Amino acid sequence: MIIFDDVSKIYATGTEAVKHASLQIDKGEFAFIIGQSGGGKSTLIKMILKEVEPTSGSIYINGKDITKIPKKKVPFLRRKIGVIFQDFRLLPDKTVYENVAYAMRVIEASPKVIKKQVPNALSLVGLLKKAKMYPDELSGGEQQRVAVARAIVNNPIMLIADEPTRKFRPGNSLGDNVTIK
């Protein structure tokens, strides 16, 4: 599903964020990339999302070399990927429901599908009762759960999380289904 073939990324400042990375993550696998701050973890994610280009090497998603796809096709690639960002990236002027629904509107889902899927995603993360609240009315952990709901609402082929549980405290619940221990 994801293959990095001898990928390196050197920024214009000379910072070498990724050096000759090769990895393969198959469908259904969970992979955790750990390391110190500034070690290139977020750069790997940005390369998968085509936010930054590798300096060398190739990146394949579902057998397609994404280093060769044109910019106009990048939005179609991103539609298949659910992302939970470190900084949430919630829209402050939209409710919890609207933040999650926005991810569906971007891919032009029908209002009928949005009306069904958004409550399902919010229920999965235990936030259905907070659907009408705004991000600044939520705790950091609740904001992160909104980000999780937004990432899964479109049933992506892959889910990428950049420190998805950093705002959760041990024992906090993601809903009835998951508890972080």
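**Exercise 1. Which residue in β3 is the bridge partner of Ile-2?**

Two notes on the model come before the solution. This is a predicted model: local features need pLDDT of at least 70, side-chain atom pairs count only at pLDDT 80 or more, and totals for chains, interfaces and linings use all residues. Residues are numbered from 1 along each chain as its sequence is written, and side-chain values use heavy atoms, with hydrogens and water left out.

*Solution.*
- Step 1. Find the strands: a strand is a DSSP run of E with at least two residues, a helix is a run of H or I with at least four, and both are numbered from the N terminus.
- Step 2. Take β1 and β3 (residues 56-61), which pair in the antiparallel sense over 5 bridges. Two strands count as paired if DSSP finds at least two bridges between them.
- Step 3. Read off the partner: Ile-2 is bridged to Ile-61 of β3.
- Step 4. Go along β1 to Phe-4, whose bridge partner in β3 is Ile-59.

**Exercise 2. Work out the strand order of the open sheet and name its edges.**

*Solution.*
- Step 1. Start with β1 (residues 2-10) and β2 (residues 16-25): they are antiparallel, with 6 bridges.
- Step 2. Check two bridges. Val-7 partners Ala-21 in β2, and Ile-10 stands opposite Glu-16 in β2.
- Step 3. Add the β3 and β4 pair, also antiparallel, with 2 bridges. Here Ile-61 stands opposite Lys-64 of β4.
- Step 4. Assemble the sheet: 4 strands in the order β2-β1-β3-β4, with antiparallel pairing.
- Step 5. Name the edges. They are β2 and β4 (64-65), each pairing on one side only.

A point for viewing: in a regular strand the side chains alternate between the two faces of the sheet.

**Exercise 3. Find residues with a positive phi in the hairpins and strands.**

*Solution.*
- Step 1. Look at the hairpin of β1 and β2. It has 5 residues between the strands, and Gly-14 takes a positive phi near 95°.
- Step 2. Move to the hairpin of β3 and β4, with 2 residues between the strands. Asn-62 lies in this loop. Its phi is positive, about 50°, although Asn-62 is not a glycine.
- Step 3. Look inside a strand. His-20 belongs to β2. Its phi is near 50°, again positive in a residue other than glycine.

**Exercise 4. Describe the whole chain.**

*Solution.*
- Step 1. Count the elements: 5 helices and 6 strands.
- Step 2. Follow them along the sequence: β-β-α-β-β-α-β-α-α-α-β.
- Step 3. Test for compactness. The radius of gyration is 17 Å, close to the 16 Å that the globule rule gives for 181 residues, so the chain is as compact as a globular protein of that length. The radius is taken over C-alpha atoms, and the rule is 2.2 Å times the number of residues to the power 0.38.
- Step 4. Take the spans. Along its principal axes the C-alpha trace covers about 45 × 35 × 30 Å.

**Exercise 5. Which residues have a charge over a ring, and how many aromatic pairs are there?**

*Solution.*
- Step 1. Apply the charge rule: NZ of Lys or CZ of Arg within 6 Å of the ring centre and within 35 degrees of the ring normal.
- Step 2. List the hits. The charged end of Lys-9 sits over the ring of Tyr-11, 5.0 Å from its centre. Arg-89 lies over the face of Phe-85, at 3.8 Å from the ring centre.
- Step 3. Count ring pairs, meaning rings of Phe, Tyr and Trp (its six-membered ring) with centres within 6.5 Å; planes under 30 degrees apart are stacked, over 60 edge-to-face, the rest tilted. The count is 0 aromatic pairs.
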